[in-house]
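Student: Could we look at this protein together and talk through the words people use for its parts? I would like to know what stands behind each label.

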Amino acid sequence: MQPGFTLLASKWKTDDGWMPKLKLINQDGEVLHEWTIDPNKILGDQSMQRLERKAPRLKRPNPHGSYLFPNGDVLVNLEYVGMARLDACGDVRWTMIEGNHHSVARAADGTFWVPGVSETPRAKSERYPEGYPGLNGQRVWIDRILHVSEDGSILKDISVLDVFYQNGLEEYISKYMGDPYPNPDDVHKDVTHINDVESLSASMADEYPLFEAGDLAVSVRHLNLVFVFDPETLEVKWHASDPFLHQHDPDFVGNGWIGVFSNNNDLTSDGSMVGGSTMKFVRPHTNTTEVRYPTDPGQPFYTPNGGKWQPLSNGNMLLTEAAAGRVLEVDSTGQTVWEWAHSPYQGEVPSVQKATRYALTREDVAAWDCSSADTLDASTQQ
């Protein structure tokens, strides 16, 4: 097992119902610190209107992307509402109400790349004031790629549909939406549904002949598409669709490889049609694809939605099987070396949106304000 503590983003049952929380656990599952994410208190009642418009089925937004700072601050986004930076006590440092959703990825310069979405469905943009060609004035949700500073300032705001139309990728939209539609109400308004944006670091860029430092890998779930583009020019340098099915979380992992969590959503509850989710690795400059997990047909692994993964420094992978409420760490041979599963409550297992391993010690956590780590049994120290 890779040493350190694991940050979990999920919901837990409380007296006020299912409440979004972040919990930091050790290898035994003991909670060392937690942050309660009350969206109404953090982001305000009015911001919840975004959630009602985008995902009315949700009574409380899921905690999607997260990032833990060394001082105990956390950055978290709440599904289709906004994001906030909280200190170790859970007090708000700043908030952003931009329909933030899914991933929070830190770049090498300390800034963050985060998905967002338009406040309401739209038919046009500044680049396409007459409307997007082919959509015939139909309103759709406009996914955005936001470049955010540590203090919550938006440095760049990129429309994903603008990127598509500038690079001739609109054929994927046509394949997804179908043609013709008899009336605008039949159009699926959530066209792209991006779920991850990752930056290529300068330290790794030489290992990717097709790309340069600062290029972004983006996952577009509804179009089964992953692409890499330059956020300055909006030029798409590579894209692929065939290897993936409702995928999440493309990561640059070195030696030209990009690791992708391919959900393989086959409309079944157990993945019995296609065989379950897989960790697929693609090498764009050699057009190579390989599956690195599961390595054995007897390894159950399936989440039709959600899903994250983290490459660990010892060569292991930390996998978040979201819908199953399960996190597992596997080694390079595909063998499980650590596992955590959400406890069911009255037959319900809440999803885990993200699990991240951090190189922390109990002393690090005890130094945070509001930490309870110093009161825990010293016998469990690592």
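Tutor: Here are some questions and answers about its sheets, cores, spaces and backbone.

Tutor: This is a predicted model, where local features need pLDDT of at least 70, side-chain atom pairs count only at pLDDT 80 or more, and totals for chains, interfaces and linings use all residues. Residues are numbered from 1 along each chain as its sequence is written, and side-chain values use heavy atoms, with hydrogens and water left out.

Student: How do you know that β22 and β23 pair?

Tutor: Strands are DSSP runs of E with at least two residues, numbered from the N terminus. Two of them pair if DSSP finds at least two bridges between them. Strand β22 (residues 326-330) is joined to β23 by five bridges, so the two count as paired, and they run antiparallel. One of the partnerships is V330 with T336 in β23.

Student: What makes β20 and β23 edge strands?

Tutor: Each of them, β20 (308-311) and β23 (336-341), pairs on one side only. Their open sheet has four strands in the order β20-β21-β22-β23, with antiparallel pairing.

Student: Which strands are the edges in the sheet β4-β5-β6-β7?

Tutor: That open sheet is antiparallel too, and its edges are β4 and β7 (92-96). Strand β6 (residues 82-86) pairs with β7 over four bridges, and A84 has T95 as its bridge partner in β7.

Student: Why is a group of residues called a nonpolar core?

Tutor: The name applies because its members are buried Ala, Val, Leu, Ile, Met, Phe, Trp, Tyr and Cys residues joined through side-chain atoms within 4.5 Å. Buried means under 20% relative accessible area, exposed over 50%, and partly exposed in between, using a 1.4 Å probe and protein chains only. The largest core here has 40 residues, and L22, L24, W35, I37, L68, L75 and W368 touch the most other members. Strand β5 (residues 74-78) gives the most to this core, with four residues. Apart from it lies another core of 30 residues, among them W113, I142, L225 and F229.

Student: Which residues lie nearest the centre of the largest pocket?

Tutor: They are R106, E198, D251, Q310 and P311, out of 36 lining residues. β24 gives the most to that lining, with five residues.

Student: What makes the backbone at L234 unusual?

Tutor: Most residues other than glycine have a negative phi, and most peptide bonds are trans. L234 has a positive phi of about 70 degrees although it is not a glycine. This residue is in the loop between β14 (225-229) and β15 (236-240).

Student: Is L234 buried or exposed?

Tutor: Its relative accessible area is 7%, which is under the cut-off, so L234 is buried.

Student: And L267, buried or exposed?

Tutor: L267 has 80% relative accessibility, over the upper cut-off, and therefore counts as exposed. Its phi is also positive, at about 75 degrees, although L267 is not a glycine. Its place is in the loop between β17 (257-262) and β18 (278-283).

Student: Where is the cis peptide bond that involves P294?

Tutor: The bond runs from Y293 to P294, with omega near -5 degrees. P294 is in the loop between β19 (288-293) and β20.

Methods
1 Å grid on protein atoms, 1.4 Å probe; cavity = no way out; pocket = protein on both sides within 12 Å on 5 of 7 lines; lining within 4 Å.
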